[in-house]
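Hi everyone, thanks for coming. I'd like to walk you through the empty spaces in this model, and then the helices that pack around one of them. Here it is on the screen.

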Amino acid sequence: MATTNGTKAAGGTPPAPLWSLPKQSRPPHGSTLKGIVWAILFNSGIIFISTLQLLCYPLHLFPPTANLYEQVLDSTKGYFGQLAVFISQYFCPTEFVVSAGHGVAGTEWVERDDKGDVRRIRLPDRGVWMANHQTLSDWIYVWSFTYLSYHSTAILIVLKASIRSIPLIGWACSLWGFIFLARNWALDKGPFKRQLERVSRRLKGDVGEEKLALLIFPEGTILTDNTKPVSDKYAEKLGVPNFKYSLLPRSTGLFFTLRTLSSTLPTVSLIDLTIGYPSGTGAAGPDHWPQDYIDLTSWFKGVGPPAIHVHLRVFDVKKEVPLGVLDGSDGTEEEKKVFDEWLRERWSEKEGLLEGFVKEGKFPSEVEVVGEKEGKEEIDKDVRWPLKLRTWREHPAAFAYFLPLLFVIFFGPYLVSVVVAVVGGIGSKVFGMGAGTAAGAVKECGCGKMAEKAVESLAKAVESASASASFGDL
């Protein structure tokens, strides 16, 4: 008898859940209607968010409203984080299982509500986030995780240059200031440096008021049958051990990022995420890699991992990370070598964590004191957070509060009037109407006043959009 959750049941043997099977081994599954609803909602959210970005883009052109535009962009990043959580909550349920290690242990890193549910993971406001890269959906889940730590409005991601050309998502990422790399340092260094300097200028001197979560995957790509041999060959060339559950990290971009930000900002942390996905063979294996089980298609079909395990570590960059002398240069060859060795040591530690995850199905966690209640210490070894929005009020935020639609409803007639007036003015010249006559026509119809009112109303709507981010990203 065929089952909806896995393979055919043999006798009384329960079927294997779909998530535990490689994608190519799964029987037909997924509801067409559910897929259509998923596509409508997700694409609607993307369209609303991107349209809001474009509608507010003129604010960027004028110095008095440039900062307001930046606030709107931050809000739209938060909206996308809420959209990702919304889609997972209703179409591909899962949970984060978070454990704490170096730099997190011994701190009150978990905030709970009155019911005891996890409300927030406390992490440093300003940090460079680095993670192992296992699947093409990693960025979706890390972005969702920033919602839990209240960093979703502050996320910046280092991406492949090819993503820039993807309609809507690529354009939105460009407006957000994400960093696109062509994997050619001679070409990448200039744009990378300019973007980091832009980030530094915005954050400098505003300690406690602006956040930063700059996400880098030092491996550069995901773990597959094609990328693993290349990484092993590179390790052999360097004369260093290779890894079984990850690729050899490349240190150039991370070293440059940390040196640039540390030279200009008073405090910067390096937040290290080790990510593990349960599957039929564990985090990774000789037969199947995590990407064989989980990708954006499986997210679309509602077959996500039952849990996403994240082991957190935090390093004080200026005290614990060997960056050399911060003199504004790119660093000496010796300084680069020392950092490269330090990063490989951290990756070797990740390898141990992932090996333990494959055997035990979880990351090890030190005993953490997370708070006190009525004089009794509450101890958590790990923290479970079902991936869902905190309150019902955040649901419309996943669709940018429908602001573009409201803009069309309220301001559409004004814009049409302005367009008609402009076209009429052009037509008057083409067909011989005098400039004074055309101006009189515009004045008579009141289009100029309508346009002024539309601009004033738009400014108020933008301010409201910026304030609305407080629902989920305080």
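Let's start with the second largest cavity, which holds about 40 Å³ of space. Before I go on, please keep in mind that this is a predicted model, where local features need pLDDT of at least 70, side-chain atom pairs count only at pLDDT 80 or more, and totals for chains, interfaces and linings use all residues. Residues are numbered from 1 along each chain as its sequence is written, and side-chain values use heavy atoms, with hydrogens and water left out.

A word on terms. On a 1 Å grid over the protein atoms alone, a cavity is a set of points where a 1.4 Å probe fits but cannot get out; a pocket is an open set with protein on both sides within 12 Å along at least five of seven lines; and lining residues have an atom within 4 Å of a point. Grid points are joined across faces, edges and corners, and a volume is the space filled by probe spheres set on the points.

So what lines the second largest cavity? Val-97, Ser-99, His-309, Val-310, Lys-362, Phe-363 and Asp-382 do. Strand 1 (95-100) and strand 9 (308-316) each supply at least two of these residues; helices here are DSSP runs (H or I, at least four residues), as are strands (E, at least two), numbered from the N terminus. By class, this lining has three nonpolar, two polar and two charged residues. Nonpolar means Ala, Val, Leu, Ile, Met, Phe, Trp, Tyr, Cys and Pro, charged means Asp, Glu, Lys and Arg, and the others, Gly among them, are polar.

In total, the structure holds three cavities of 30 Å³ or more. The largest has about 60 Å³ of space, and its lining is 10 nonpolar residues, one polar and no charged. Which element gives the largest share of that lining? Helix 4 does, with four residues. Among the lining residues are Ile-46, Ile-49, Phe-80, Trp-139, Trp-143, Ile-169 and Trp-176.

Several of those names come back when we look at helix packing. Two packed helices are described by the angle between their axes and the distance between the axes. Axes are lines fitted to C-alpha atoms, for helices over the stretch in contact, and angles run from 0 to 180 degrees between N-to-C directions.

Helix 1 (residues 32-55) and helix 4 (residues 169-176) pack at about 45°, with axes 10 Å apart. That makes the pair oblique, since under 35 degrees counts as roughly parallel, over 145 as roughly antiparallel, 65 to 115 as roughly perpendicular and the rest as oblique. Ile-46, Ile-49, Ser-50, Gln-53 and Leu-54 in helix 1 meet Ile-169, Ala-172, Leu-175 and Trp-176 in helix 4, contact meaning heavy atoms within 4.5 Å. Those contact residues are seven nonpolar, two polar and no charged.

Next, helix 1 and helix 2 (residues 63-91) pack at about 175°, with axes 9 Å apart, so they are roughly antiparallel. Ile-46 and Ile-49 of helix 1 take part here too, and Phe-80 is one of the helix 2 residues. This contact has 17 nonpolar, three polar and one charged residues.

Helix 2 and helix 3 also have axes 9 Å apart, but at an angle of about 110°, so this pair is roughly perpendicular. Phe-80 is among the helix 2 residues here, meeting a helix 3 set that includes Trp-139 and Trp-143.

Last stop, the largest pocket, with about 1,200 Å³ of space. Of its 47 lining residues, the closest to the centre are Lys-160, Arg-183, Phe-217, Gly-220 and Thr-221. Helix 6 (residues 227-238) gives the most to the lining, with five residues. Overall, the pocket lining divides into 31 nonpolar, nine polar and seven charged.
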